[in-house]
Amino acid sequence: MAVDEVEFREFFASQYVRLCWLGLLLTGDRAEAEELAQEALARTWWRWAVRRPDDPAAYARKVMVNRRRSLLRRAGVEARFLARARAEPVPPPGDEQAMVLWQAVQDLPPRQRAVLVLRFHEDLTEAEVARLLGLPLGTVKSLGHRGLARLRERLGSPDLDPAKATRREAR
Amino acid sequence: MIPEPQLEDRLRSALRRPQSTAWPGERDAFDRFLRHRAHRGRMLAARAGLALVAALALAAITPRLLPNGSLNPVTPTLPGRVLQAPGGGFEVTVPAGWTNLRQDRRILTPGGDNGSAVVLRPKRRAADTTVAVYTAILSPAQYPGTEPGHDPAPSATADSSTVRLDDAGSPLGRGHRTDGRPFVWQTRLGPGEVARYAVAWPYHCDPGQACPPAAPWRALLVVGRTAEGAATGERVLQVVRRIVEQARPVTNALPGGAPGAVDLNLPPAQGRWLLGSGGNGQGAWRAYVRQGRGEDVFELEFPTRTTRAGVGVRAEDIEPTILLKGQLMVLNDCLSWLSPQVGLVSGAVPENVTTVRIELAGRPPLVVRAFGQDRPARWAAYVSPQLPRGTRVTNVVGLDAAGRTVAEAEHDVYLSHPVCHIFR
């Protein structure tokens, strides 16, 4: 199947910066984010050449998140070092509070960060995040909860508002 | 106090992409994409012929790596930045055109010191292209200098924490550095992996210290990877070989060793280990640590509740960086199926924690033993006795064998909430 180059170029223009930002939030590194975005779009193009994905934007996002995950999970002892070797985060433009929050998000463990970024940057539901990351819904909820708790601690919150607390118990 | 909705809103706002801000290089992005796509296309087209190219490349380099031969430096030694990994006992000079991705400063082994690995990447970005340098305990049967088919120390590294070079790759090549250190090497290990070298790099303990039997079997591993084509692969191979030849021993790799605790930086064994069990009847529990290639997980399983997969198990990721910073993992669970309801406080702890003091509001503290230190897992665990509903835990402290405080509870938002307290 031939790819409609005009359509793909429009798709590229609409998605490139969005994917770069998602990559930046996931990795904290601008160059790595660009590489991930380029790779995701290239893979999307090749997929498009076979059969146009139903939702190309979602497809590209999924490719990007999975690519990031596969880099983190790459087999071998040295991968443990690579996975934790994060580049210095690039703070976003914005006020000081946003920068503090951005830094706190970058300091989260990779899975907690991924869940929060997909929830609050991409506005996905927990179920959608679970599908995208290939994790059980309960795990996504737990990761999100702990990520928020960690942020709250980093931001100096003394405690959780009891009225909003969720009971945690072994199922 | 930051109520949850407010934090969520702030998060949404902080993570939002500023509409007015352009991404640097956005204008040329599509041109770069076309090059990227063309490159990927060439890679796909070339894949069929890649095996032949690899075979030819292997044939070309083999004469220089004949058994018991010496490895000549490919590139003349140039002054460059030196990266030292004191925990790993080596230092390397960064080759021209390369930079360090990050010198790792943490070892996952509890109590570990800093500096155990160096990961290099080309200054000019190339997909998944790295050379990782680190030390690990190698299987004695594969150790450089060991006769093929001979295992000189079958029991020295009997646990599963040794590294074995992949049997699925090419046969082990053998050689010596110009300073006489033997090495073994292997190529064609899997997708993306160019070569893996292991140089004899025995761990020298400080005289007077008990030296683990695995210490002589430590090796310096140099692993090259790339997702790019054969030309990049050849460049990576050259860097790998150069580091193999030029890496220098420091600290615990020199005779006389280095002061401080012996830390062989053993890679973690993989699997699920039962650390301990307790409780009875409907309140019986088993504590596990599950280690994999990614995250480690602490699991508290309630056998009478495991009616189907995923039920009756409280599983939480272990975050090594948190635990090694002197913080404790604290899970606060309600056994809601018991009448009256009771709670348990539990978690994984570093192995140097031998007892855990659970401080309670209005009641004397409870002291429980940490358990599971004898298992291959990297973590021990603790579980409290059953706590009546409404009990409030104020702090959890980890103590070592000398009774010193070595860890305190992470300020978890659930810590201070009464056990089995239901918010509506």
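This is a short tour of a few places to select in the structure.

The model is predicted, so local features need pLDDT of at least 70 and side-chain atom pairs count only at pLDDT 80 or more, while totals for chains, interfaces and linings use all residues. Residues are numbered from 1 along each chain as its sequence is written, and chains are lettered from A and ligands numbered from 1 in the order in which they are written.

**Chain B**

Start by selecting chain B, which has 4 helices and 24 strands; helices (H or I, at least four residues) and strands (E, at least two) are DSSP runs, numbered from the N terminus. Of its 424 residues, 36% are buried, where buried takes 20 or more other C-beta atoms within 10 Å of a residue's own, with C-beta atoms placed from the backbone.

**Strand β17**

Next, select residues 331-335 of chain B. All 5 of the 5 residues of strand β17 are buried, so the strand is largely enclosed by the rest of the structure. Look along it: L331(B), D333(B) and L335(B) point one way, N332(B) and C334(B) the other. In a regular strand the side chains alternate between the two faces of the sheet.

Now add β18(B), residues 342-350, which runs antiparallel to β17(B) and is joined to it by 5 bridges; strands pair if DSSP finds at least two bridges between them. A hairpin of 6 residues links the two, and L335(B) has V342(B) as its bridge partner.

**Over to chain A**

Finally, select helix α7, residues 126-133 of chain A, and pick out its buried residues V129(A), A130(A) and L132(A). Just after α7(A) comes G134(A), with a positive phi of about 70 degrees.

Definitions and conventions
A residue is buried if 20 or more other C-beta atoms lie within 10 Å of its own, exposed if 12 or fewer, and partly exposed in between; C-beta atoms are placed from the backbone.
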